[in-house]
Structures are given as structure tokens and as C-alpha cells.
Amino acid sequence: MEITKELKPIHRGAEAYLYLIDWFGKKAILKHRLPKKYRHSKLDTLLRRRRTVAEVRAIKEALRIGVMVPAIYYVDPIEAIIVMEYLPYPSLSGIIEGGDLEKAIRASEQVGRYAAKLHEEGISHGDLTTSNVLVGDHVYLIDFGLASLHSTERDNAVDVHLFLRSLESTHPEHVDTVFRAFLDGYRSIRGEKTEKILGLVEEIRLMGRYKAERRTLWGQQ
Amino acid sequence: MVNVDTPSSLGRPRGNPRVLYPLLDWDREVLVLGIESTAHTFGVGVASTKPPYILSSVRDTYRPEKGGIHPREAAGHHARVAPEVLAEALRVAGISMNDVDAVAVALGPGLGPCLRVGATIARGLAAYYGKPLVPVNHAIAHIEVGRLYTGLQDPVILYVSGGNTMVAAFAKKRYRVFGETLDVALGNLLDTFARDAGLAPPYIVEGLHVVDKCAEEATEPADLPYVVKGMDVSFSGLLTAALRAWQHARSKAEKASICLGLREIAYGAAVEVAERGLAHTKKNAVLLTGGVAASPILREKIGIMASYHSANAGWPPPPIAGDNGAMIAWVGLLNYLAEITINIDESFVRQRWRPDEVEVPWR
Ligand SMILES: Nc1ncnc2c1ncn2[C@@H]1O[C@H](COP(=O)(O)OP(=O)(O)OP(=O)(O)O)[C@@H](O)[C@H]1O
Ligand SMILES: [Mg+2]
């Protein structure tokens with residue numbers, strides 16, 4: 001990709017480099033999914049295109065149902081590039097680690113509502129972690145490359161599992177409080193269905209041969 | 001069949017324990033015997049505080065005639081081979097039970113009947129010879145012996161075996177699990193496909209898994225489902241789709257392209273979640289371990305991935321990467337130096353013992 005050669009990335013993620021660019025006088029984020037030589041080139045090309053398209057389509061759907069996301073300015077599936085609105089806000093992960101627990105709890109409740117709204121529409125995020133939530137005056141979800149627009153309840157449960165696990169691995173001190181807030185938000189939209197999702201989450205966690213013993217984190221019905 | 005490894009067959013560990021574990025007292029002379037029996041391998045090893053650190057590693061692996069692993073049959077196998085494996089491990093190390101300072105055992109995670117064989121033997125040895133009993137978490141043993149052999153100080157770990165697919169890293173006093181398989185483990189995927197497609201047994205030919213070998217004939221990978229979610233992978237859909245495609249494949253070329261598709265997707269997804277772990281934790285090294293770390297193709301892919309992040313990549317030699325008693329002896333030694341022992345009557349096996357449940361005192 002020629003234009004990115006001259007830019008310095010502001011973030012080097014696992015799959016993409018992100019650049020801060022000028023887009024007709026507005027600051028914007030250019031996200032470029034990089035080729036990976038550790039995958040067969042045919043598979044790699046397919047994946048990068050598929051994820052670029054999935055990200056744009058899911059963001060469009062999210063916008064439609066009132067989940068805050070960055071606006072999309074431009075997409076090039078062949079080059080695996082998206083240009084989107086720049087959201088100059090810290091991630092939920094940063095807020096938890098920075099110690100502003102009150103703010104983190106409020107944001108997590110909103111993430112729970114967002115996840116539930118997406119799930120009601122059959123959309124799963126696929127990478128719902130505290131790094132993929134940006135918190136300003138509003139709460140934003142980003143990084144929809146692994147999203148599905150035809151999610152099953154099991155896919156939805158995987159989202160909840162991923163959010164919980166990102167707390168366990170990265171913010172082990174705050175698992176209980178933050179996850180409770182997430183569930184409060186989730187339940188406020190999905191009501192009864194929440195219990196079914198939690199059952200599936202437990203099932204997912206027990207699937208692997210050596211998974212954790214039944215945990216009672218969400219025991220407070 | 002008994003596999004016997006000696007310090008010279010294993011090669012010199014690249015790590016220096018004084019650097020890897022500065023909190024422990026490496027001037028002491030300590031010998032620990034370790035017993036592994038969490039799944040299909042029964043292994044015994046001896047570890048020392050002095051070079052070459054691992055004095056012996058002897059193991060015998062249960063291989064079912066057909067089908068997957070039957071826990072009770074595996075346990076029967078372990079009980080049968082135990083006396084010989086134990087005697088050989090002591091003989092190779094050139095010591096007797098009386099020289100040993102402690103007996104370590106993998107109490108989990110693993111299959112109940114298999115775990116109980118190792119635990120029973122360890123308890124018996126500890127009681128009879130009057131030695132302390134040291135509990136060891138199997139996953140942590142893979143990680144720590146991997147650090148010993150590679151010398152990697154603080155890596156992201158991709159642990160891939162028959163029963164596990166896990167991305168882990170040290171953070172806030174423990175090994176935290178960042179990603180896992182949502183269903184089938186990588187080794188199990190390869191083995192089950194190979195068996196059901198009629199490619200195995202044997203599973204390994206000339207140091208290559210038969211799926212890796214079959215893929216060599218192809219240039220175009222078949223289109224099969226690739227599922228990564230967060231830092232988790234899912235292989236069950238891939239397994240089903242690959243087997244279905246195999247049934248309809250007519251030519252040898254078609255079959256080879258299924259093998260290549262399966263391999264590229266399975267390894268690609270595993271390497272991708274390790275890469276996500278590396279980017280997320282901002283560490284500067286990757287440790288590949290577990291039985292599947294023996295695959296030269298997977299190693300090459302991990303090396304390429306690490307280079308994108310200017311990170312080091314390493315893996316222990318295959319007999320150390322797969323299940324073995326030496327790794328249990330090694331973490332038994334670390335635990336013993338950190339004064340972690342367990343009363344015999346409290347030494348229950350823990351089938352689902354996760355690494356993040358263990359506070360690590362030596363880092
Ligand atoms: N629209 C945006 N505005 C401002 N910052 C953003 C935006 N999108 C992404 N970022 C920042 O860049 C980081 C990576 O973005 P994203 O998650 O989309 O890419 P990624 O390649 O999946 O990265 P990672 O592997 O770190 O998850 C985010 O965590 C966030 O800090
Ligand atoms: Mg992200």
C-alpha cells in the first residue's frame with residue numbers, strides 16, 4: 001500500500017496498523033490489515049478482505065440500532081483498508097487500569113446494553129474485550145472485523161465469555177464488579193434471555209477438556 | 001514403548017536458572033523426582049539445581065489400537081509401565097530414591113483415572129522414603145521447562161497439545177490465560193482428522209505429522225472454515241467440514257488440498273491468537289510448547305509471526321515440549337525451593353486445575 005509508506009502508525013495491532021490521517025480537513029483513522037506470511041497467501045488474502053467487509057457491515061448495522069461506533073468514511077476491501085472517524089478517547093482497559101472504577105463500571109453497563117442490542121439483532125461482535133471499547137462522553141464499540149451478522153445464541157454467548165475473560169486475564173482485581181455492571185446492562189435489554197446466555201457461557205467454559213470448574217460469578221441470578 | 005532421554009540427548013538448556021529465577025537459592029544442592037500421568041503419557045524425570053538441570057526423562061506413551069484415548073485403559077497402561085519407567089529414570093540420573101530431596105507430581109489438569117495413578121505412586125514414594133510431596137500444575141510445568149530450555153525470560157506462551165490449545169502470559173503474579181480453544185484442541189484436531197481420514201496410525205512419519213505430510217503434495221488449500229474469536233480458536237467446524245470434503249474427494253490432488261487447507265487454517269489460527277496475545281501484552285518473546293510444538297511447519301510460522309513484532313521465538317526440544325516427567329521434576333524443584341509442599345492426605349487430584357489458579361512465587 002503506497003500511501004501508508006510515508007505515515008507512521010499510531011497503533012501496531014496484531015492484525016492491523018492504524019494511522020492518524022487528514023480526511024478532507026477532519027482527523028481520521030486509517031486501518032490497514034497487513035498481509036501475514038505465516039498463512040498461505042490465498043487464505044490470507046481471503047481473510048483480510050472478509051474481515052474488512054465484515055467490519056464495515058457490522059458498523060453500519062450497529063449505527064442503525066443505536067450502538068455508538070466510528071463513522072465509516074471509506075473502504076477498500078482489496079487493499080483491506082478502512083478510513084473511519086477518529087475517536088480521541090481512552091479504552092475501557094485503560095480506564096480500569098488507570099483506577100477510575102466508577103467510570104469503568106458505568107461504561108461496562110453501557111457495553112452490556114450494546115452487546116444485548118446487537119445480539120437481539122443477530123449480530124455478534126467476535127472480539128468483545130476491554131481494549132475494543134472507547135470511553136468518552138459516550139461509549140463506543142470498535143474493531144468489528146470478527147463480527148457475524150447471523151449470530152446464533154452460542155455466538156452471542158461467546159461475546160459474553162470473551163468480555164468476562166478479558167477481565168479475568170487483564171484486570172483480575174476487578175472481575176466481579178465490572179462484570180456485574182456488564183450483566184446489569186445486558187439484562188436491562190434482554191431480560192429473561194440473559195439466563196440462557198449465561199448457561200451457554202458456562203457450557204462454553206466447560207467445553208474444553210480441562211476448563212474451569214463451574215464458577216458462580218453470575219450466581220446472583 | 002519406553003523413551004529414554006539423557007542430558008546429552010536433550011541438549012543443553014539455554015536458560016540460566018539464576019537469571020530466570022533470581023528469587024530462589026541456586027547454591028543449594030537439591031534433587032527432585034517428578035511424575036507425569038495427566039493423559040496418555042506416563043513419565044518420570046529427575047531435576048537438579050546444578051547443570052545440566054535435567055538429569056533424566058523417561059516416558060512411555062499409551063497408544064490405543066483404534067479410536068481416541070480411553071481414560072481407564074490409559075490408567076491401566078500407566079500402572080503397568082510405572083515400575084520400569086521409574087527405575088530407568090533413576091538409573092539414567094545415576095541416583096537412588098534415597099538421594100532425592102522431594103517427590104513432585106502433576107496433580108492436574110488432566111483425566112481423573114490417569115491422574116490418580118501418578119498421584120498414588122507419588123504419595124507412596126513420599127511416604128515410604130520419607131520425602132516431602134510437591135504438587136505441580138501440568139500447564140505451568142510446560143511453560144517453566146520451556147523457559148529453561150529456551151532461556152526466554154518473559155514470553156507469551158502458545159501451548160498446543162492433544163488436550164490443550166492455550167495462549168498464556170505472566171501478569172500480576174500469575175500465568176493468565178488470554179485465549180483457548182472453544183472446543184477441540186489443535187493436536188486432537190490433527191489426530192482425529194488423520195485417523196478418520198485413514199491417514200493414521202502411525203500419526204508421525206519421519207518426524208512429520210501425517211497431515212503435514214499429506215499437505216506437501218498440494219499447492220492450493222481447500223476452502224474450509226476459519227474461526228477465531230478474540231484470542232480463542234474453534235476447530236470443531238473445521239474438523240467436520242474437512243472430513244465431509246474428504247468423503248467426496250476423488251483424486252489424490254483433491255485430498256492433498258484438503259490437508260493443506262486444514263493445516264493452514266489450524267496452524268494459521270493458532271499462530272494468529274498467539275500474535276494477538278503478543279500485541280495485547282506487549283511482550284517481546286513467544287514460547288511455543290506442547291506436543292504440537294514438534295511440528296517444523298508450526299515452528300516456522302511462529303518464527304515469522306514473531307519477526308513482525310521484533311520478538312524472539314523459541315521452543316524446547318520435542319521430548320521436553322510434549323508431556324514428560326522432567327518438566328514436573330523441574331517445577332517440583334522450583335516449588336520445593338520456594339517451600340511449597342503438600343500433605344499426603346490433602347494431595348487430591350484436580351482435573352480442571354487452571355494455571356491462573358496458582359500463585360507463582362518464583363517470579
Ligand atoms: N476510530 C478510532 N478512533 C480512535 N482510536 C481508534 C479507533 N479505532 C481504533 N483505535 C485505537 O487503535 C486500537 C486498535 O484498533 P483495532 O482494535 O480496530 O485494531 P486491531 O488491529 O484489531 O488492534 P488490536 O490487535 O490491538 O486489537 C484501538 O484499541 C484503539 O486504541
Ligand atoms: Mg482491537
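These legends go with a handful of close-up views of a predicted model.

**View 1. The interface of chain A and chain B, with its salt bridges.**
Start with the place where the two chains meet. Chain A puts 42 residues into the contact, and chain B puts in 44. Interface size is often quoted as the accessible area that is lost when the parts come together. Between chain A and chain B, the buried area is about 3,700 Å², with carbon and sulfur atoms giving 51% of that. Eleven salt bridges turn up across this interface, while the structure as a whole holds 41 over all chains. For a pair to zoom in on, try B:Asp232 and A:Arg165, whose side chains meet in a salt bridge at 2.4 Å, N to O.

**View 2. The second largest pocket, lined by residues from chain A and chain B.**
This pocket has a volume of about 1,200 Å³. Its lining takes 43 residues, and the ones nearest the centre are A:His11, A:Ser131, A:Asn132, A:Ile142 and A:Asp143. On the chain A side, the elements that give two or more residues to the lining are strands S1 (11–12), S2 (16–23), S3 (26–33) and S5 (81–85), plus helix H4 (153–170). Chain B joins in with strand S8 (165–171) and helix H9 (252–281). Which element gives the largest share of the lining? That's H4(A), with five residues. By residue class, the lining splits into 18 nonpolar, 13 polar and twelve charged.

**View 3. Domain 1 against domain 2 in chain A.**
The domain assignment cuts chain A into domain 1 (3–85) and domain 2 (92–210). Their centres, taken over C-alpha atoms, are 23 Å apart. In the contact, 18 residues of domain 1 of chain A meet 16 residues of domain 2 of chain A. Together the two domains of chain A bury about 1,400 Å², and carbon and sulfur atoms account for 69% of it. Look for A:Ile65, A:Val67 and A:Met68: these supply 38% of the area that domain 1 of chain A buries against domain 2 of chain A, more than any other three residues. The interface of these two domains also has two salt bridges.

**View 4. Two salt bridges in chain A, A:Lys31 with A:Asp143 and A:Arg33 with A:Glu15.**
The side chains of A:Lys31 and A:Asp143 pair up at 3.0 Å, N to O. A:Asp143 may ring a bell from the pocket view, where it's listed among the lining residues nearest the centre. The other pair is A:Arg33 and A:Glu15, with side chains meeting at 3.3 Å, N to O. A:Arg33 lies in strand S3 of chain A and A:Glu15 in the loop between S1 and S2 of chain A, so this salt bridge ties together parts that are 18 residues apart in sequence.

**View 5. Domain 1 against domain 2 in chain B.**
Here domain 1 comes in two segments, 2–145 + 320–357, and domain 2 covers 156–282. The C-alpha centres of these two domains of chain B lie 28 Å apart. Twelve residues from domain 1 of chain B and nine from domain 2 of chain B make up the contact. The area buried between them is about 1,000 Å², of which 60% comes from carbon and sulfur atoms. B:Ile143, B:Pro355 and B:Asp356 provide 45% of what domain 1 of chain B buries against domain 2 of chain B, more than any other three residues. How many salt bridges are counted between these domains of chain B? Just one. Also worth a look is the salt bridge between the side chains of B:Arg354 and B:Glu180, at 3.5 Å, N to O.

**View 6. Backbone oddities in loops of chain B, with B:Pro52, B:Tyr53 and B:Pro202.**
Most peptide bonds are trans, and most residues other than glycine have a negative phi. In the loop between strand S3 (41–48) and strand S4 (54–61) of chain B sits B:Pro52, and the peptide bond from B:Pro51 to B:Pro52 is cis, with omega near 5°. B:Tyr53 lies in the loop between S3 and S4 of chain B too, and its phi is near 70°, a positive value in a residue other than glycine. Another cis bond joins B:Pro201 and B:Pro202, with omega about -5°. B:Pro202 belongs to the loop between helix H6 (186–196) and strand S10 (204–205) of chain B.

Methods: Residues numbered from 1 in each chain as written. Chains lettered and ligands numbered in written order. Predicted model: local features only at pLDDT ≥ 70, side-chain atom pairs only at ≥ 80, totals over all residues. Heavy atoms only, no water. 1 Å grid on protein atoms, 1.4 Å probe; cavity = no way out; pocket = protein on both sides within 12 Å on 5 of 7 lines; lining within 4 Å. Points joined across faces, edges and corners; volume = space filled by probe spheres on them. Helix = DSSP H or I, 4+ residues; strand = E, 2+ residues; numbered from the N terminus. Nonpolar A, V, L, I, M, F, W, Y, C, P; charged D, E, K, R; others polar. Domains from an automatic or database assignment. Contact = heavy atoms within 4.5 Å. Buried area = accessible area lost by both parts, 1.4 Å probe. Salt bridge = Lys/Arg side-chain N within 4 Å of Asp/Glu carboxyl O.
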